[in-house]
There are 2 protein chains.
Amino acid sequence: MTAESAAIIGAGNTKFGALPEGPRALVGLAVREAIASVDRGLDRSVIGEGFLATLGFGGWQIGNASAVLAEQAGLVGVPVTRVENACASGGFALRSAVRSVEEGTSDVVLVVGVEKMTDSPSARRRYWLGVSGDTEWERSAGLTFAGVYGLIASRYCADHPRAREALSAVAIKNHANGALNPKAHFRKAIRTEDLAHAPTIADPLRLYDCCPVSDGAAALLIARGDIAHRFTDTPVRIRGMGAASDTLAVQDRPVLTEFGATRRSARSAFDAAGWTAQRIQLLEVHDCFTIAELLALEDLGFAPAGGAVPLTLSGDTARTGRLPVNPDGGLKSKGHPIGATGVSQAYEIFHQLRDSAGPRQVPGAERALSHNVGGSGASATVTLFERG
Amino acid sequence: MTAESAAIIGAGNTKFGALPEGPRALVGLAVREAIASVDRGLDRSVIGEGFLATLGFGGWQIGNASAVLAEQAGLVGVPVTRVENACASGGFALRSAVRSVEEGTSDVVLVVGVEKMTDSPSARRRYWLGVSGDTEWERSAGLTFAGVYGLIASRYCADHPRAREALSAVAIKNHANGALNPKAHFRKAIRTEDLAHAPTIADPLRLYDCCPVSDGAAALLIARGDIAHRFTDTPVRIRGMGAASDTLAVQDRPVLTEFGATRRSARSAFDAAGWTAQRIQLLEVHDCFTIAELLALEDLGFAPAGGAVPLTLSGDTARTGRLPVNPDGGLKSKGHPIGATGVSQAYEIFHQLRDSAGPRQVPGAERALSHNVGGSGASATVTLFERG
């Protein structure tokens, strides 16, 4: 990809949470906000292709859901492809959209992520979360996602002093950020005492170490880089993308506390941009559990093994710190509607880099990174963004 | 896309049918055959990306199945994306693979389609077929896929004399072709009397008008066009691709007997190649029901409305006719393991254009078209191929 190849010109995001809307309506809401956000307006006829990221579309339209996006976006006729890589569906759909734009046949491409997870029988809700874990060695043995991340956190806490404190610091930071985000599922700051009294989910992870089950949708409009200025004076350019896979079951990996897919994705993205980690001023990382934020900081190259503990405890990753991480509240507090998450991370970066993030604005950020993980690290994407 | 942009250098296809293997094993079998088929051999390290087409992965790994492809193909680390557009998943995955090759970061890209449909409780088997129909207006009203195509066939038969005869001719032709194909689900030629005595499924469609519920997988290796000759003297080049969407429910379309998604896809593909329909010597079309083959011939530009009836009754579309259609037996006789179908169509074309199709070889064909449909026309792809 070339430096001028693709840029975000508009973005939409429904509120995340337990919402009354079904998945069709959520798609429509996110698309309408994205189109309305384009500074100089956008005629739908310039949209030449669409991508839909969803794990289960609320169990409603499990197959063929891409046609629903075509209908809801007023784009019937235009090719739409559903992309599913579990919790990384959004990141992979964004990558597909950037490639589509680079191919040159479409001026603008639409990417939407959506999930409807509440308002279904609880068995089915667990089902939609569980289907992305390894079936043969994890699910069939009763190992849930919280269980897998609990195992990883146990190993990490045994290896690194003060790690449990750092997990709590991640939760407190992300809840503080989410409290400032009107779209967040949880808008409630929490204190150390709340964490201490919370029930254990999968030792050492307690309630506030785990992201919620959320409904929501997010949408992005990606334009060819050379025409982005037709739509806005402040596009947010995609400077690099990386994606990778790993084994599905964590037992098949050499090290439990490293996600190889994240490491490989980061290397590809930085190579594509010609950047190093030092150039990044703001991160959106995949904190489905607090331990995942610590792993991400290390796997992305911002800290050595165990180094995420002091980085977090020092306050550097706070919204007002040296390297703000998850200023929108992250999956932890903003919520995690599976297919929407990777798209919503780019929505946040779009606003942060354009100085339109309101009370949670990180001042002066020009370059950012988003990091989206599928399952417990079986796939990952890393995307690099720059204002201008 | 440019004329030299991408070429198939290897292809694999498991037998289609009610098979003992699960979806993981089917993926492995198809990949191994594809790699073994590369004339000058292929080291897996040149494969830079993978795409997996599947609707439900046998209900086994519904989310995150792309990691299974990475594992089965010995490609852990390489990015793999699951693409799902119902029965057109394979066509859309092929399109994604061609784009990936065109981007230039990978020398070779692997695309695999798979479905495991038998060997599951019958309720779940129906479920996997049904989920791709429109939920709100069709499924909830009890309308099955056979029902939708039955409605379309009723309209078509009312409009065009001898249409019911042509439907039977499609079934007889495709069963005759499948009888010559060692990979086909049904290897049984049928006669007019068999059709007449078969039970009605959804009037006017009878048993032999409907494709079976099959297991199977297919795999393709796509190389950058400029390096294809490193791997083989006879690559099969992709000359044009088109994809499009339509409304999910057929009630929302102006004409019941036209698939707009097929028409738009064909136009895009022919425009990209600079070809007209007259250049095509062999077709693989999406005959999930016999009526679908007649619609395809008209929507793809090979006959006017109603013209598929005389075209079929004349014998022109027979394997030995002027314009052979579905020489492998089509979905009707070869079988229709949802995610595998679009990939398997290209597998057949790969062998037909290389003169390696054995007893079902169409002599001298150099240019072919494949046509893959999602659901009852909600999405479609058309791909154009040429030997050399």
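In which loop of chain B is Pro204(B) found? Pro204(B) sits between strand 5 (200–202) and strand 6 (205–206) of chain B, where helices (H or I, at least four residues) and strands (E, at least two) are DSSP runs numbered from the N terminus. The peptide bond that joins Asp203(B) and Pro204(B) is cis, with omega at about 5°. Chain A has a cis bond too, joining Asp203(A) and Pro204(A), again with an omega of about 5°. Pro204(A) lies in the loop between strand 5 (200–202) and strand 6 (205–206) of chain A.

A word on the model itself. This is a predicted model, in which local features need pLDDT of at least 70 and side-chain atom pairs count only at pLDDT 80 or more, while totals for chains, interfaces and linings use all residues. Residues are numbered from 1 along each chain as its sequence is written, with chains lettered from A and ligands numbered from 1 in the order in which they are written. The pLDDT, the predictor's confidence in each residue from 0 to 100, averages 95 over chain A, and 97% of the residues there score at least 70. For the complex, the predictor gives an ipTM of 0.96 and a pTM of 0.97.

On to the interface. Chain B puts 42 residues into the contact and chain A puts in 42, two residues being in contact if their C-beta atoms, placed from the backbone, lie within 7 Å. On the side of chain B that touches chain A, the elements giving two or more residues are helix 2 (66–72), strand 3 (80–84), helix 3 (89–103), strand 8 (236–245) and helix 8 (260–273). That side of chain B breaks down into 18 nonpolar, 16 polar and eight charged residues. Here Ala, Val, Leu, Ile, Met, Phe, Trp, Tyr, Cys and Pro count as nonpolar, Asp, Glu, Lys and Arg as charged, and the others, Gly among them, as polar. Strand 3 (residues 80–84) of chain A runs antiparallel to strand 3 of chain B, and three bridges join them; strands pair if DSSP finds at least two bridges between them. In this pairing, Arg82(A) is opposite Glu84(B).

Beyond strand 3 of chain B, in the loop that leads to helix 3, comes Ala86(B). Ala86(B) is not a glycine, yet has a positive phi of about 55°. Ala86(B) counts as buried because 29 C-beta neighbours lie inside 10 Å; the cut-offs are 20 or more other C-beta atoms within 10 Å for buried, 12 or fewer for exposed, and partly exposed in between, with C-beta atoms placed from the backbone. In chain A, Asn326(A) is another non-glycine with a positive phi, this one about 60°. Asn326(A) belongs to the loop between helix 10 (308–313) and helix 11 (330–334) of chain A, and counts as buried because it has 27 C-beta neighbours inside 10 Å.

Helix 9 closes the tour. In chain A, helix 9 (residues 290–299) is mostly covered, with 10 of its 10 residues buried, including Glu293(A), Glu298(A) and Asp299(A). Gly301(A), just after helix 9 of chain A, takes a positive phi of about 95°. In chain B, helix 6 (residues 163–178) and helix 9 (residues 290–299) pack at about 100°, with axes 8 Å apart. Helix 6 is therefore roughly perpendicular to helix 9 of chain B. Axes are lines fitted to C-alpha atoms, for helices over the stretch in contact, and angles run from 0 to 180 degrees between N-to-C directions; under 35 degrees counts as roughly parallel, over 145 as roughly antiparallel, 65 to 115 as roughly perpendicular and the rest as oblique. Helix 6 of chain B makes the contact through Ala166(B), Leu167(B), Val170(B) and Ala171(B), and helix 9 of chain B through Thr290(B), Ile291(B), Glu293(B) and Leu294(B).
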